[in-house]
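Biologist: Please take one part of this model and go through it closely, residue by residue where that helps. I would like a plain account of where things sit and what they touch, with each term explained when it comes up.

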Amino acid sequence: MATNGANAEQKTQEGEQKNQIFRHQEVGHKSLLQSDDLYQYILETSVYPREPESMKELRDLTAKHPWNIMTTSADEGQFLNMLLKLINAKNTMEIGVYTGYSLLATALALPDDGKILAMDINRENYELGLPVIQKAGVAHKIEFREGPALPVLDQMLEDKKYHGSYDFIFVDADKDNYLNYHKRLIDLVKVGGVIGYDNTLWNGSVVAPPDAPLRKYVRYYRDFVLELNKALAADPRIEICQLPVGDGITLCRRLN
């Protein structure tokens, strides 16, 4: 009986893992809410009806890509778009672009003379979404650079004109470098400006016990996310707000 019970428990855990994997394979379905129905209600009531047609087109296009789990969720895209308008952002940066859903949300929010420095190691993914961005009439706001972001940031820090020049910076890239990004970005964002770090709740794994069954990549990056969260909470140069939107986003407002 004990063996049967253990087998049943194992099957239950495996089933839960499969459900979790399936859920996160649905593009735009990154949610930490316990109820899928509640998340769907939010999407269908408040997000999809107000989603710009160009963002819907890019979301649908990205859904067909094998790495669609990397995209920004639709509710987070809506959040970023409104946030940028609230802070009247004009000069922004994005590290980690993928097909450009969050990039498009940003570009649509900026004034016509707004600028985005967008960096990603994969131009091919960016160019997948570029026709949609061009059709939306906002491609002129984007300067895309292919390659690692850290060398670019180091070069910018050597020129004082870039210090405190960014209104908003969004980071959705290699989690093992988040702290390295923060050490540099804090000098590039203006006082009163905002840095947004994505995935700071990391599939909810930040509260998982050490022996929890986690996907390999989730387990690998979890410690880096935990380290980042601890460092941001203790950084006196910023005030922070961590929100359970998408896979978790932490906003850091520079104080000095």
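**From one exposed residue to the strands inside**

Modeller: Tyrosine 41 is found in helix 2, which covers residues 36-47. The model is a predicted one, in which local features need pLDDT of at least 70 and side-chain atom pairs count only at pLDDT 80 or more, while totals for chains, interfaces and linings use all residues. Residues are numbered from 1 along each chain as its sequence is written, and side-chain values use heavy atoms, with hydrogens and water left out. Helices (H or I, at least four residues) and strands (E, at least two) are DSSP runs, numbered from the N terminus. In those terms, the protein has nine helices and seven strands.

Tyrosine 41 is a useful starting point for covering. With a relative accessible area of 53%, tyrosine 41 is exposed. Exposed means over 50% relative accessible area, buried means under 20%, and partly exposed lies in between (1.4 Å probe, protein chains only). Across the protein as a whole, 46% of the 256 residues count as buried.

The part to look at closely is strand 2. Strand 2 spans residues 115-120, and five of its six residues are buried, so the rest of the structure largely encloses it. The neighbours of strand 2 can be taken one side at a time.

On one side is strand 1, residues 91-95, which runs parallel to strand 2 and is joined to it by five bridges. For two strands to pair, DSSP must find at least two bridges between them. Among the bridge partners, glutamate 94 is matched with alanine 118 of strand 2. Strand 3, residues 142-146, also runs parallel to strand 2, and five bridges join these two. Here alanine 118 appears again, since its bridge partner in strand 3 is phenylalanine 144. Alanine 118 therefore has a bridge partner in strand 1, glutamate 94, and one in strand 3, phenylalanine 144.

Next come the helices that link these strands. From strand 2, the chain passes through helix 6 (residues 123-135) to strand 3, in a β-α-β crossover that is right-handed. Right-handed means that, with the strands pointing away from the viewer, the path from the first strand over the helix to the second runs clockwise. Strand 1, helix 5 (residues 101-109) and strand 2 form a right-handed β-α-β unit as well.

Helix 5 is mostly covered, with eight of its nine residues buried. The buried residues of helix 5 are Tyr101, Ser102, Leu103, Leu104, Ala105, Thr106, Ala107 and Ala109.

Helix 6 brings in charged side chains. Within it, arginine 123 forms a salt bridge with glutamate 127, and their closest N and O atoms are 3.9 Å apart. A salt bridge here is a side-chain nitrogen of Lys or Arg within 4 Å of a carboxyl oxygen of Asp or Glu. The two residues are four places apart in helix 6, so about one helical turn separates them. Arginine 123 is partly exposed at 31% relative accessibility, and glutamate 127 is partly exposed too, at 42%.

Elsewhere, aspartate 167 forms a salt bridge with lysine 190, with the closest N and O atoms 3.0 Å apart. This pair links distant parts of the chain, 23 residues apart: aspartate 167 sits in strand 4 (residues 166-171) and lysine 190 in strand 5. Aspartate 167 is buried at 13%, whereas lysine 190 is partly exposed at 31%. Aspartate 172 and lysine 175 make another salt bridge, with the closest N and O atoms 3.2 Å apart, and both of these residues are buried. Back at helix 6, salt bridges with shared partners connect Arg123, Glu127 and Glu146 in one network. In total, the structure holds twelve salt bridges.

One loop is left to describe, the one between strand 5 (189-198) and helix 9 (216-234), where asparagine 199 is found. Asparagine 199 has a positive phi of about 65°, although it is not a glycine, and it is buried, with a relative accessible area of 4%. Tryptophan 202 lies in the loop between strand 5 and helix 9 too. Its phi is near 40°, again a positive value in a residue other than glycine. At 6% relative accessibility, tryptophan 202 counts as buried, whereas tyrosine 41, the starting point, is exposed.
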